[in-house]
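Take a look at the protein model below. Keep it in view while you read the questions and answers.

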Amino acid sequence: MWDFSTEPEFQAKLDWMDAFIRDEVEPLDLVYGGKAYEPLGDELRGIVEPLKARVREQGLWACHLGPELGGQGYGQLKLALMNELIGRSPWASVIFGCQAPDTGNAEIIAMYGTEEQKARYLKPLLDGECFSGFSMTEPHAGSDPRLFRTRAVRDGDGWVISGEKYFTSNASNAAFLIVMAVTDPDAHPYQRMSMFLVPADTPGVEILRNVSTMGHRGDGGHAHIRYNDVAVGPDALLGEVGGAFAISQARLGGGRIHHAMRTVAAVKKAFDMMCERALSRETHDGTLAGKQLVQAAIADSYLQIQQFRLLILHTAWLIDRSSTKEARTQIAACKVAAARVFHDVVYRAMHIHGALGVSGDTPLARLWQAAPLMGIMDGPTEVHQASIARRVLRGYEPSPGPWPTEYLPDKIAAAREKYGV
Ligand SMILES: Cc1cc2nc3c(=O)[nH]c(=O)nc-3n(C[C@H](O)[C@H](O)[C@H](O)COP(=O)(O)OP(=O)(O)OC[C@H]3O[C@@H](n4cnc5c(N)ncnc54)[C@H](O)[C@@H]3O)c2cc1C
């Protein structure tokens, strides 16, 4: 019923990507790990720009946008197969022009932006000339957007934005920020806020500090920002007044599935290391691979990765046949599963490496530090569990009696009568 195979021409592109990432991109992690999301200095520009040019020559640059938004239009299934390779290295996202949060930001500017906004913000973003930030979460509220307080008040034709935002990823390196602010506190909760495009050097944008986290993007950081009466023109409004909630939903749908696709690659990398280690390390009269408890860790990781990959591919296939909106339940499932499989597989890989696993000599300890973040960013696991359950339950009715419908006494009596017993 589901066919995840791809045509030979695209398989050739995947094969090219596989070799290119292994030979040209992953070595960057060994020398310049942690620098992928910083503006390029001269030294790195000389290395990275030619690599980006090779990606462009292959028609593989910034592939996340659909054709209606000016992208390649490969579709989600092909993107899933590409992201399975890109997720092996933080540098790969940058070199293929599809790093978060810029991908989601590009998507919403392409969807909701005016031609002027696209020329000013989208073009340089897609050309890889700048980074951007998405400023939604606040110090006192995250997963419930109805509680956000940052205000944008009309001032003549334009707006004045004031408030505080927390965890705006990569804001320190961003050329512009997309800010979600309350424009009508009396409106319906989902129509209270609007989205604004704010150049990062606008007077009043104050980065208070970069909040450090466990292992994740310490370089670019997640900024705590104060917007001190930031005056912007009418051209700063993205989409309609009151449209921010719908825009943020559109943004996070695509972002979550692409992140989950890249997680397949990250866990596969940890799994490969686990298997190699199990075959190499001698202890207690044999290799680790001969120990049944290690075998259980390998088998459990294998089946979790296979299940997860199929969930992703199926969801991608479904989106290609419908939309991210139609596939919301499946996308939420991918988000929940990504955090779990990442946590479990990376922990086992790290543990099987013993002291080496917790050292800085392999990427495993850094990956492990990122595990708790996965269940929080883009919405906590519990919020996605609740939304999965809510939608799944819509397909069910309460039983008319204390027994499950299929086992109600009159059903059993009818079955007995049918067989004359
Ligand atoms: C690495 C990382 C990068 C991020 N990047 C950005 C960014 O670029 N821009 C941005 O705006 N934000 C960003 N965030 C913030 C992120 O969107 C929020 O952390 C997330 O929405 C959760 O909000 P919160 O942290 O305020 O947690 P809260 O909303 O306070 O929730 C705390 C905990 O309460 C529980 N909980 C919450 N709601 C429910 C519920 N309905 N049912 C049951 N339990 C619940 C969960 O366990 C949850 O983890 C980032 C976060 C991380 C970790």
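The questions and answers below go from the domains to the ligand and then to single residues.

This is a predicted model: local features need pLDDT of at least 70, side-chain atom pairs count only at pLDDT 80 or more, and totals for chains, interfaces and linings use all residues. Residues are numbered from 1 along each chain as its sequence is written, and side-chain values use heavy atoms, with hydrogens and water left out.

Q: How many Å separate the centres of domain 1 and domain 2?
A: Domain bounds come from an automatic or database domain assignment. Here the assignment gives domain 1 (8-113), domain 2 (131-238) and domain 3 (248-393). Taken over C-alpha atoms, the centres of domain 1 and domain 2 are separated by 27 Å.

Q: Which domains does the ligand lie between?
A: Look at where the shell residues come from, counting a residue as near if one of its heavy atoms lies within 4 Å of the ligand. The shell has 17 residues, and Phe-134 and Ser-169 are among the closest. Two domains both give residues to this shell, so the ligand lies between domain 2 (131-238) and domain 3 (248-393).

Q: Which residue has a side-chain N or O atom 2.4 Å from an oxygen atom of the ligand?
A: A polar contact is a pair of N or O atoms within 3.5 Å; within protein, one must be able to donate a hydrogen and the other to accept it, and residues adjacent in sequence count only if both atoms are side-chain atoms. Met-136 uses a backbone N or O atom, 2.9 Å from a ligand oxygen. Phe-167 has a polar backbone atom 3.3 Å from a ligand nitrogen. The side chain at 2.4 Å from a ligand oxygen belongs to Ser-143.

Q: Which element gives the largest share of the shell around the ligand?
A: Helices (H or I, at least four residues) and strands (E, at least two) are DSSP runs, numbered from the N terminus. The elements giving two or more residues to the shell are strand E3 (158-169) and helix H12 (381-393). The largest share is three residues, and it comes from E3.

Q: What is the phi of Phe-167?
A: Phe-167 has its place in strand E3. Most residues other than glycine have a negative phi. Phe-167 is not glycine, yet its phi is positive, near 65°.

Q: Which residue is joined to Pro-101 by a cis peptide bond?
A: Most peptide bonds are trans. Pro-101 sits in the loop between helix H4 (90-95) and helix H5 (102-112). Its cis bond has an omega of about 0°, and the partner is Ala-100.

Q: At what angle do helix H3 and helix H8 pack?
A: Contact means heavy atoms within 4.5 Å. Leu-77 and Leu-81 are among the H3 residues that meet H8, where Ile-312 and Trp-317 are among the partners. Axes are lines fitted to C-alpha atoms, for helices over the stretch in contact, and angles run from 0 to 180 degrees between N-to-C directions. The axes of H3 and H8 are 7 Å apart, and the angle is about 145°.

Q: With which side chain does the side chain of Arg-391 make a polar contact?
A: Arg-391 is in helix H12. Not counting residues up to four places away in sequence, Arg-391 touches Arg-328 and Thr-329. The polar contact, at 3.0 Å, is with the side chain of Thr-329.
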